[in-house]
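Reader: Could you take me through one part of this model closely, beginning with a charged side chain and the contacts that hold it to the rest of the chain, and then work outward from there? I would like the reasoning spelled out wherever a classification depends on a cut-off.

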Amino acid sequence: MKLAKLLGLGIALVPFYHQPVEAFSVCGLSPEEASFKTENRLVTICLGEASLQMVITFHDGTGYQIIPVQREGNLFRGTDGAQNFIIDENTFVIGTDGEPPIRERVTEHR
C-alpha cells in the first residue's frame with residue numbers, strides 16, 4: 001500500500017508539460033504565395049531564401065520537387081535544368097525539350 005501511495009505521489013510531483021502542436025504547410029513558417037490543385041498534383045508557391053519556389057507533390061504526398069520560379073502576373077515559371085514548369089489559374093505545364101509537354105487542368109487555386 002505504501003508503494004502505491006509513493007508511486008501516486010511521484011506521478012503527482014512530475015509537472016504536466018503540454019506543448020502545443022502546430023501544423024505547417026510545405027512553406028514552413030512562411031505563408032503560401034499561391035497554391036494550385038491539378039488533376040494529379042498539388043503545387044504550392046513559397047517564398048524561399050532568395051526567390052519564389054514551386055513545391056510539387058502528387059496528391060498522395062509523394063514526388064516532392066522544389067523548383068525556383070519567377071512570377072509574371074498570375075503566372076509562375078521556372079526550370080530545374082531538365083524540365084520547364086509553368087502554372088497559372090487554368091493550366092499546369094511540364095515541358096521537356098524534344099517531347100510533348102504534360103498539361104494538367106487546374107481544378108482549384110488560392
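Author: Glu 39 has a relative accessible area of 43%, and it therefore counts as partly exposed, since that class covers the range between under 20% for buried and over 50% for exposed. The model is a predicted one, and the values that follow should be read with that in mind. Glu 39 is paired with Arg 105 in a salt bridge whose closest N and O atoms are 3.9 Å apart. Because Glu 39 sits in the loop between strand 1 and strand 2 while Arg 105 belongs to strand 8, the bridge ties together parts of the chain that are 66 residues apart in sequence. The distance deserves some care, because a salt bridge is counted here when the nitrogen lies within 4 Å of the carboxyl oxygen.

The search of the whole structure finds 5 salt bridges, and two further ones bring in strand 1. One of these joins Arg 110 and Glu 32, with 3.8 Å between the closest N and O atoms; since Arg 110 is in the segment after strand 8 (102-109) and Glu 32 is in strand 1, this pair connects parts 78 residues apart in sequence. Its two partners fall into separate classes, for Arg 110 is exposed at 71% relative accessibility, whereas Glu 32 is partly exposed at 31%. The other joins Arg 71 to Glu 33, and here the closest N and O atoms are 3.5 Å apart. This pair also links distant parts of the chain, with Arg 71 in strand 4 and Glu 33 in strand 1, 38 residues apart. Arg 71 is partly exposed, having 43% relative accessibility, and Glu 33 is likewise partly exposed, at 36%.

Glu 32 also leads away from the charged pairs towards residues with little accessible area. Cys 27, which is placed in the loop between helix 1 and strand 1, touches Glu 32, Thr 44, Ile 45 and Cys 46 once residues up to four places away in sequence are set aside. Cys 27 is buried, because its relative accessible area is 11% and the limit for that class is under 20%. Thr 44, a residue of strand 2, is buried as well, with 10% relative accessibility. With neighbours within four places left out, the contacts of Thr 44 include Val 26, Cys 27, Glu 32, Ala 34 and Ser 35, together with Gln 53, Met 54 and Val 55. Another relation in this region is that between Cys 27 and Val 55, which are 28 residues apart in sequence and yet 8.3 Å apart in space, taken from C-alpha to C-alpha.

Met 54, one of the partners of Thr 44, leads on to the nonpolar interior. The largest nonpolar core has 15 residues, and Met 54 is listed among those with the most contacts inside it, along with Phe 36, Val 43, Ile 45, Phe 76, Ile 87 and Phe 92. At least two residues of this core come from each of strand 1 (32-38), strand 2 (41-47), strand 3, strand 4, strand 6 (84-87) and strand 7 (91-95). Strand 3 gives the largest share, 3 residues. In soluble globular proteins, nonpolar side chains tend to be buried together. Phe 92 illustrates how many partners a member of the core can have: outside its neighbours up to four places away, it touches Thr 38, Arg 41, Val 43, Met 54, Ile 56, Phe 85, Ile 86, Ile 87, Ile 102, Arg 103, Glu 104 and Val 106.

Some nonpolar side chains are found at the surface instead. Val 26, which is also a contact of Thr 44, forms a nonpolar surface patch with Tyr 64 and Ile 66, and together the three have about 280 Å² of accessible area. Tyr 64 is located in the loop between strand 3 (52-58) and strand 4 (65-72), and its relative accessibility of 47% makes it partly exposed.

As for the setting as a whole, the chain comprises 1 helix and 8 strands, and 26% of its 110 residues count as buried. The confidence varies along the chain: the mean pLDDT is 84, with 78% of residues at 70 or more, but helix 1 (residues 2-13) has the lowest mean, 53, while strand 6 has the highest, 98.

Notes. Residues are numbered from 1 along each chain as its sequence is written. This is a predicted model: local features need pLDDT of at least 70, side-chain atom pairs count only at pLDDT 80 or more; totals for chains, interfaces and linings use all residues. Side-chain values use heavy atoms; hydrogens and water are left out. Patches are made of residues with over 30% relative accessible area and no salt bridge: like charges are joined within 9 Å, nonpolar side chains (Val, Leu, Ile, Met, Phe, Trp, Tyr) within 5 Å. Accessible areas come from the Shrake-Rupley method with a 1.4 Å probe; for residues, only the protein chains shown count as cover. Helices (H or I, at least four residues) and strands (E, at least two) are DSSP runs, numbered from the N terminus. Buried means under 20% relative accessible area, exposed over 50%, partly exposed in between (1.4 Å probe, protein chains only). A nonpolar core is a set of buried Ala, Val, Leu, Ile, Met, Phe, Trp, Tyr and Cys residues joined through side-chain atoms within 4.5 Å. Contact means heavy atoms within 4.5 Å. pLDDT is the predictor's confidence in each residue, from 0 to 100.
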